[in-house]
Amino acid sequence: MNNNLPHLTAKEEEIMACLWSLEKAFVKEIVAHLGQNLHYNTVSTIIRNLEDKGYVEHQAFGKTHQYYPKISKEVYSEHVLNLNSQRFFNGSYKDMVSFFAKKEQISKEDLEDILKLINK
């Protein structure tokens with residue numbers, strides 16, 4: 001797991017989610033998939049920033065580029081969970097799960113399912 005992944009903004013994460021879903025796409029396809037009023041040039045700039053940060057790569061087709069994720073959703077999710085675990089729970093996943101249990105954001109059934117996974 002790469003702990004040196006650069007931080008992503010909310011818009012960068014949104015575009016990464018789009019790329020993870022589409023697997024590869026041209027900027028116009030990303031704009032259409034987002035379904036928002038984001039301008040083509042804005043999305044293009046964000047994609048290039050993601051490429052500079054090492055999250056995205058492209059394949060050239062003449063003057064246009066098809067982009068695809070270099071970092072998987074799973075790797076990024078693990079990275080974010082590790083950061084937040086360190087930041088808010090001193091690296092303790094037990095404390096993190098306890099926090100959600102106390103806030104009733106995780107059910108007893110969910111916890112039992114987690115225990116079954118651990119016991120496998």
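This report describes the sheet, the helices and some individual residues of a predicted model.

## The sheet

Three strands make up an open sheet, arranged in the order β1-β3-β2 with antiparallel pairing. The edges are occupied by β1 and β2, each of which has a single partner strand, so one side of each has no neighbour in the sheet. In general, the strands of a sheet pair through backbone hydrogen bonds, in either a parallel or an antiparallel sense.

Strand β1 covers residues 25-26 and pairs with strand β3, residues 64-69, over two bridges. Within this pairing, F26 has Q66 of β3 as its bridge partner. On the other side, strand β2, residues 56-61, is joined to β3 by six bridges, again in the antiparallel sense. Two positions illustrate the register of β2 and β3: F61 stands opposite T64, and A60 has H65 as its bridge partner.

The strands β2 and β3 form a hairpin with two residues between them, and in this hairpin G62 takes a positive phi near 65°.

## Helices on the sheet

Two helices are described here by their packing on the sheet. Helix α1 touches β1, β2 and β3, and its direction makes about 90° with that of β3. Helix α3 also packs on the sheet, where it touches β2 and β3; the direction of α3 makes about 120° with that of β2.

These helices also meet one another. The axes of α1 and α3 (residues 40-52) come within 10 Å and cross at roughly 85°. Because angles of 65 to 115 degrees count as roughly perpendicular, α1 is roughly perpendicular to α3. On the side of α1, the residues that take part are K11, E12, I15, M16 and L19, and they meet V43, I46, I47, N49 and L50 in α3.

One residue of this interface can be followed in detail. I46 is found in helix α3. With a relative accessible area of 12%, I46 is buried, because a residue counts as buried under 20%. Leaving aside neighbours within four places in sequence, I46 is in contact with K11, E12 and I15. The C-alpha atoms of I46 and K11 lie 7.8 Å apart in space, although the two residues are 35 residues apart in sequence.

## Helix α4 and the aromatic residues

Helix α4 has 17 residues and reaches 23 Å from its first C-alpha to its last, close to the 24 Å expected at 1.5 Å a residue. The buried residues of α4 are Y76, H79, S85 and F89. These buried residues pack against α1 and α5 (93-102).

One of the buried residues of α4, Y76, also belongs to an aromatic pair. The structure holds five aromatic pairs. In the pair of W20 and Y76, the ring centres are 5.9 Å apart and the planes are at 35°, so the pair is tilted. W20 lies in helix α1 (residues 10-22) and Y76 in helix α4 (residues 73-89), so the pair ties together parts that are 56 residues apart in sequence. Both W20 and Y76 are buried. Together with Y55, these two residues form one aromatic cluster.

## Residues with a positive phi in the loops

Two residues other than glycine take a positive phi in loops of the model. E23 lies in the loop between α1 and β1, and its phi is near 75°. N90 is found in the loop between α4 and α5, just after α4; the phi of N90 is about 50° although the residue is not a glycine. Are these residues, at 60% for E23 and 75% for N90, buried or exposed? E23 counts as exposed, and N90 is exposed as well; the reasoning is that a residue counts as exposed over 50%. The table sets out the values for both.

| Residue | Loop | Phi | Relative accessible area |
|---|---|---|---|
| E23 | between α1 and β1 | near 75° | 60% |
| N90 | between α4 and α5 | about 50° | 75% |

Key. Residues are numbered from 1 along each chain as its sequence is written. This is a predicted model: local features need pLDDT of at least 70, side-chain atom pairs count only at pLDDT 80 or more; totals for chains, interfaces and linings use all residues. Side-chain values use heavy atoms; hydrogens and water are left out. Two strands pair if DSSP finds at least two bridges between them. Helices (H or I, at least four residues) and strands (E, at least two) are DSSP runs, numbered from the N terminus. Rings of Phe, Tyr and Trp (its six-membered ring) pair if their centres lie within 6.5 Å; planes under 30 degrees apart count as stacked, over 60 as edge-to-face and the rest as tilted. Buried means under 20% relative accessible area, exposed over 50%, partly exposed in between (1.4 Å probe, protein chains only). The expected span of a helix is 1.5 Å times one less than its number of residues. Contact means heavy atoms within 4.5 Å. Axes are lines fitted to C-alpha atoms, for helices over the stretch in contact, and angles run from 0 to 180 degrees between N-to-C directions. Angles under 35 degrees count as roughly parallel, over 145 as roughly antiparallel, 65 to 115 as roughly perpendicular and the rest as oblique.
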